[in-house]
Amino acid sequence: MTDTIAAIATPFGSGGIGVIRISGLQSFNLAAKIFSKTPADVDKRAPQFISHRVSHGFICDGETTIDEVLVVPMKAPRSYTAEDVVEIQAHSGTIVLRRILDLLFSHGARPAEPGEFTRRAFLNGRIDLTQAEAVADIINARSDSSLKFAASQNLGTLGQSIRNMISGLTQFLARLEAAIDFPDDAGAFSYTSRDKAELQLVADKIGGLIQQHKDACFLKTGIRLAICGEPNVGKSSIMNRILEKEKSIITAVPGTTRDPIEDSLIIEGIPFVIVDTAGIHQTDDLVEIIGIEKARDQIEAADIVLYVIEPGKPFPEKTVSTTLPDDKPVIFAINKMDLAHELDLPQPPSTYADTSPVEVSALTGQGINTLRTKLLERCIGNLEIGDDAVIPNLRHKNALVQALEHMTTMMEGLENGQEEETLALDVKNCIDHLGTITGDTAPPDILDAVFNNFCIGK
Ligand SMILES: Nc1nc2c(ncn2[C@@H]2O[C@H](COP(=O)(O)OP(=O)(O)O)[C@@H](O)[C@H]2O)c(=O)[nH]1
Ligand SMILES: [Mg+2]
């Protein structure tokens, strides 16, 4: 890392300002060679850079002034890369930035590779690998929630929690190794109930992080909502109301919807995939029977079910009990409330988790907003993603899964009096996998994979 690198740090194209970043031992010297407090045709005055103080002046190539700029010099380690860094704020035009960069190259700077500034920050120990990855996530964030999680990771929360686990495991490993290396002094390894509790805590934390990764994927692909119920209760009408478009065909003829109809929408930033299904009831109609089969498959595949009932009829206990799974959240909605004034409302029996149906009318739109809110509450309530959550990415998750496997084998081994050598090997492997997350034990190919995702200048 002795060479000094330079690159344009802002996007290509014209804009207010463009930034060129230089990092390495020669940064200050290189900047001084091309920068002058006065334009090129006036007597040149050599700059006196003071760290973290902005200098105004000109970039000059011999007798030619290229641009009027501001220069921000930053002495190591108080810089992005923890090396000497100079940032030149010039006018943002492709030609002008290119000229300044070429000038730096002609004085000995080397073009930076993709992600090389962030890679140096990592190699110099200023940030861990999770924080480096968060830089890419912040740049690529497409929604408020992904920005929030990336920002939290940028603060190093995930890395810190992984390092705490590694530190606990390392102490445990040291005791195991003492028992292996010095059996006479250390005596046989004794495994206490406190060890057991602490190891279990680490295993639970790893499991929790894996779950958070899964929950976050759920947020990316969309929460599947299946709308089901008996024929003609207004399932398709509710689907269209929620979507605010005429997606599903509605008629007074029972059995209109046969193939499941699917569409997606975002409610308050949370993506949903909504599926309208055929009405479930006893029938001899072959086509309807197939539709009902498909409806059941959709309920099976759903993350949450909206079961629609209607006023003036008793609660369809038989259909519901043979249709609804126990392991999914279910919301009941009584539709056609515009007709309800002279009719009795069906009441779900107390055996169901949610016995207060949302009262809606797909015809008038009444209650649809309440339904959306309830949907959100039920779905978000099931996610273990809190405001301060850290979301492991796929790379982290794969490492966590492997770490957990070694943890589980090791803990079983402890219970069964496994040899200390075997136990120690599992603890080491577990630590190594955790270490790939923070970058403490990341082999070069992992680093390449991470930093190749960056663009030049980051
Ligand atoms: N009065 C009233 N009629 C409705 C309402 N929702 C649906 N309908 C009518 O009920 C019939 C069946 O609706 P549809 O959405 O096809 O029901 P599905 O078979 O459950 O999909 C149609 O004639 C709709 O116009 C509502 O909120 N109020
Ligand atoms: Mg329908």
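**Close-up views of a predicted model**

**View 1. Strand S10 between its two partners.** Isoleucine 227 stands opposite aspartate 276 in S10, in a model that is predicted rather than determined by experiment. This pair belongs to the parallel pairing in which five bridges join strand S8, residues 223–229, to strand S10, residues 270–276. Strand S9, residues 261–267, is joined to S10 by seven bridges, and these two strands run antiparallel. Across the pairing of S9 with S10, isoleucine 266 stands opposite proline 271, while glutamate 262 has valine 275 as its bridge partner in S10. S9 and S10 form a hairpin with two residues between the strands, and in this hairpin glutamate 268 takes a positive phi near 45°.

**View 2. The open sheet of six strands and the helices packed on it.** The strands follow one another in the order S9-S10-S8-S11-S12-S13, in an open sheet whose pairing is mixed. Because S9 and strand S13 (358–359) stand at the edges and each has a single partner strand, one side of each is left without a neighbour in the sheet. Helix H9, made of residues 235–243, packs on this sheet and touches S8, S9, S10, strand S11 (304–309) and strand S12 (330–334), with its direction at about 155° to that of S10. Helix H10, residues 286–301, also packs on the sheet, where it touches S8, S10 and S11, and its direction makes about 140° with that of S8.

**View 3. The surroundings of ligand 1.** Ligand 1 is surrounded by 20 residues, of which the closest are Gly234, Lys235, Ser236, Ser237 and Leu363. Sorted by class, this shell holds seven nonpolar, 10 polar and three charged residues.

**View 4. The open sheet of seven strands with helix H1.** This sheet, also of mixed pairing, is open and has the strand order S3-S4-S5-S6-S2-S1-S7. Its edge strands are strand S3 (35–36) and strand S7 (110–111), each of which pairs on one side only. Within the sheet, strand S1 (residues 5–8) and strand S2 (residues 15–23) run antiparallel and are joined by four bridges, and the bridge partner of isoleucine 5 in S2 is serine 23. Helix H1, residues 27–34, packs on the sheet and touches S2, S3, strand S4 (55–61), strand S5 (64–74) and strand S6 (85–92), its direction making about 35° with that of S6.

**View 5. The crossing of helices H3 and H4.** The axes of helix H3 (residues 116–123) and helix H4 (residues 129–140) come within 9 Å and cross at roughly 160°, so H3 is roughly antiparallel to H4. The crossing of H3 with H4 is right-handed. Thr118, Ala121 and Phe122 of H3 meet Leu129, Ala132 and Val135 of H4, a contact that comprises five nonpolar residues, one polar residue and no charged residues.

**View 6. The crossing of helices H13 and H14.** Helix H13 (residues 394–415) packs against helix H14 (residues 420–438) at an angle of about 165°, the axes being 8 Å apart, and H13 is therefore roughly antiparallel to H14. H13 and H14 make a left-handed crossing. The residues in contact include His396, Ala399 and Leu414 of H13, and Thr422, Asp426 and Ile437 of H14. By class, the contact of H13 with H14 is made up of 10 nonpolar, nine polar and one charged residues.

Conventions:
Residues are numbered from 1 along each chain as its sequence is written. Chains are lettered from A and ligands numbered from 1 in the order in which they are written. This is a predicted model: local features need pLDDT of at least 70, side-chain atom pairs count only at pLDDT 80 or more; totals for chains, interfaces and linings use all residues. Two strands pair if DSSP finds at least two bridges between them. Two residues are in contact if their C-beta atoms, placed from the backbone, lie within 7 Å. Axes are lines fitted to C-alpha atoms, for helices over the stretch in contact, and angles run from 0 to 180 degrees between N-to-C directions. A residue is near a molecule or strand if its C-beta atom, placed from the backbone, lies within 6 Å of it. Ala, Val, Leu, Ile, Met, Phe, Trp, Tyr, Cys and Pro count as nonpolar, Asp, Glu, Lys and Arg as charged, and the others, Gly among them, as polar. Angles under 35 degrees count as roughly parallel, over 145 as roughly antiparallel, 65 to 115 as roughly perpendicular and the rest as oblique. A crossing is left-handed if the near helix is turned anticlockwise from the far one by less than a right angle, and right-handed if clockwise.
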